[in-house]
Amino acid sequence: MAIGGAATAFSSPYFINPVNPASYMAFDTNSFVFDAAFNVRTGTLKTIDESQKTRFGTLSNLYFGFPVTKWWRASGGIMPYSQVGFEMQGSQVVEDIGKLVSVYNGYGGLNKAYFGSGFSPIKNLSIGINMAYLFGNIVKERALTFPDSAYFFNTMVRSTARLSKVNFDFGAIYRKEMKEGRFFQVGLTFNPKQTVDGSSEKIAYSYVWNYTKNLEEIKDTVSYESGDNGEVILPTSYGAGFMVGSSNRWFATADVNWQKWSEFRYLGNNPGLKDNLRISVGGQFRPAAVDMGKYYNRINYRAGFRFEQSYLEIKETRINDFGISFGVGLPMKKSRSTINIAVELGTQGTTENDLIKENYMRLTIGTSLQERWFLKRKFN
């Protein structure tokens, strides 16, 4: 956390990095690692004339990792894969009817449960594979309401997509040990184009709003459709990065990731997305080389930045995202476990061409627990 999202070449015995499954080979041969985090994001959406506050929180990750043999490590867990969340509203006055309000909502997303393995077929080289199950629902709603009239029913059109599929991704890391405890490593990742099975249902109905009970009262179902409606195609992606450092003191890492979002299809529809490029740089420094001395000398201090040319292009304008991050890893007493705190400050979008810009802050709090397992006890 707090290293700009750079993960392609990152590996550590204290953290789990499912972005590159080859990183699992960094786990200690006698340790079980557990990693969990929660994040809260607050922001301000701005146009030229208006602004609005936003806030939401979610589980960031829940991972575990452990050694199997000297040449094989494994990891599993669950994380959000994608999220949908929007609410838009527009109004107009219609003659003889009054005010007509259109409301558009979207929510839901995909989750990813994975189990991966890392192997070391030859010295200094690690390779890995993740098998993941993607699942979730995406709901989109469009409502037409008549707040000024008691003689018209409101109308709701709701479509729900249910998605699920097993997919795979791959990674490799080459590590070179140098003098005085320094090291250098490079990493590669590859996610092939994947097809996710999708089914959907669509319902349209009329309703009135019960203000006493604060809920909809359905008056009539206008239409209902259900069945298999094609597939969701997820894009090919590639990553390359490097990492340099000195054992137990510092490291610096950077990577470049490219996703071919022009391949993306949603239940047979082509939304016209652009290919995505992300550049991430980050690092960590700990003043003390050993677990002794003042507490603040044993804290891991982290920082990073990230630039992303997103897959969205609206009104011939690319929607870019830039963020800087800071954080600490606080060691727990008499343990190799840490409490991790990270803050990212970022900006996404632009107010040019009547578009929306968001300034946001993301706070992530998590813990990485490392316990000694698989030890053979000896008694004198």
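How much area does the chain expose, and what share of it do carbon and sulfur atoms supply? In this predicted model, the exposed area comes to about 21500 Å², and carbon and sulfur atoms supply 57% of that area. The C-alpha trace spans about 90 × 45 × 45 Å along its principal axes. Of the 380 residues in the chain, 39% count as buried. The secondary structure consists of 17 strands, with zero helices. Among contacts between residues at least 6 apart in sequence, 62% join residues at least 24 apart.

Strand 17 (residues 357–372) pairs with two strands described here. With strand 1 (residues 31–46), the pairing is antiparallel and runs over 16 bridges. Within this pairing, Phe32 stands opposite Glu371 of strand 17. With strand 16 (residues 338–349), strand 17 again pairs in the antiparallel sense, over 12 bridges. Here Thr338 stands opposite Ser368 of strand 17. In a regular strand, side chains alternate between the two faces of the sheet.

Empty space in the model was examined next. Such space is revealed by rolling a probe the size of a water molecule over the atoms. The second largest pocket holds about 1000 Å³ of space. Its lining is made up of 42 residues, and those closest to the centre of the pocket are Ser11, Ser12, Pro13, Tyr14 and Asn248. By residue type, the lining divides into 18 nonpolar, 15 polar and nine charged residues. At least two lining residues come from each of strand 5 (125–145), strand 6 (154–177), strand 7 (182–191), strand 10 (237–246) and strand 11 (250–259). Strand 6 contributes the largest share of the lining, with three residues.

The segment before strand 1 includes Thr8. Is Thr8 buried or exposed? Thr8 counts as buried because its relative accessibility is 0%, and the cut-off for a buried residue is under 20%. Leaving aside neighbours within four places in sequence, the contacts of Thr8 include Asn20 and Ile173. Thr8 is also in contact with Gly187, Leu188 and Thr189, with Gly239, Ala240 and Gly241, and with Asp255 and Asn257.

Technical notes. Residues are numbered from 1 along each chain as its sequence is written. This is a predicted model: local features need pLDDT of at least 70, side-chain atom pairs count only at pLDDT 80 or more; totals for chains, interfaces and linings use all residues. Side-chain values use heavy atoms; hydrogens and water are left out. Two strands pair if DSSP finds at least two bridges between them. Helices (H or I, at least four residues) and strands (E, at least two) are DSSP runs, numbered from the N terminus. On a 1 Å grid over the protein atoms alone, a cavity is a set of points where a 1.4 Å probe fits but cannot get out, and a pocket is an open set with protein on both sides within 12 Å along at least five of seven lines; lining residues have an atom within 4 Å of a point. Grid points are joined across faces, edges and corners, and a volume is the space filled by probe spheres set on the points. Ala, Val, Leu, Ile, Met, Phe, Trp, Tyr, Cys and Pro count as nonpolar, Asp, Glu, Lys and Arg as charged, and the others, Gly among them, as polar. Buried means under 20% relative accessible area, exposed over 50%, partly exposed in between (1.4 Å probe, protein chains only). Contact means heavy atoms within 4.5 Å. Accessible areas come from the Shrake-Rupley method with a 1.4 Å probe; for residues, only the protein chains shown count as cover.
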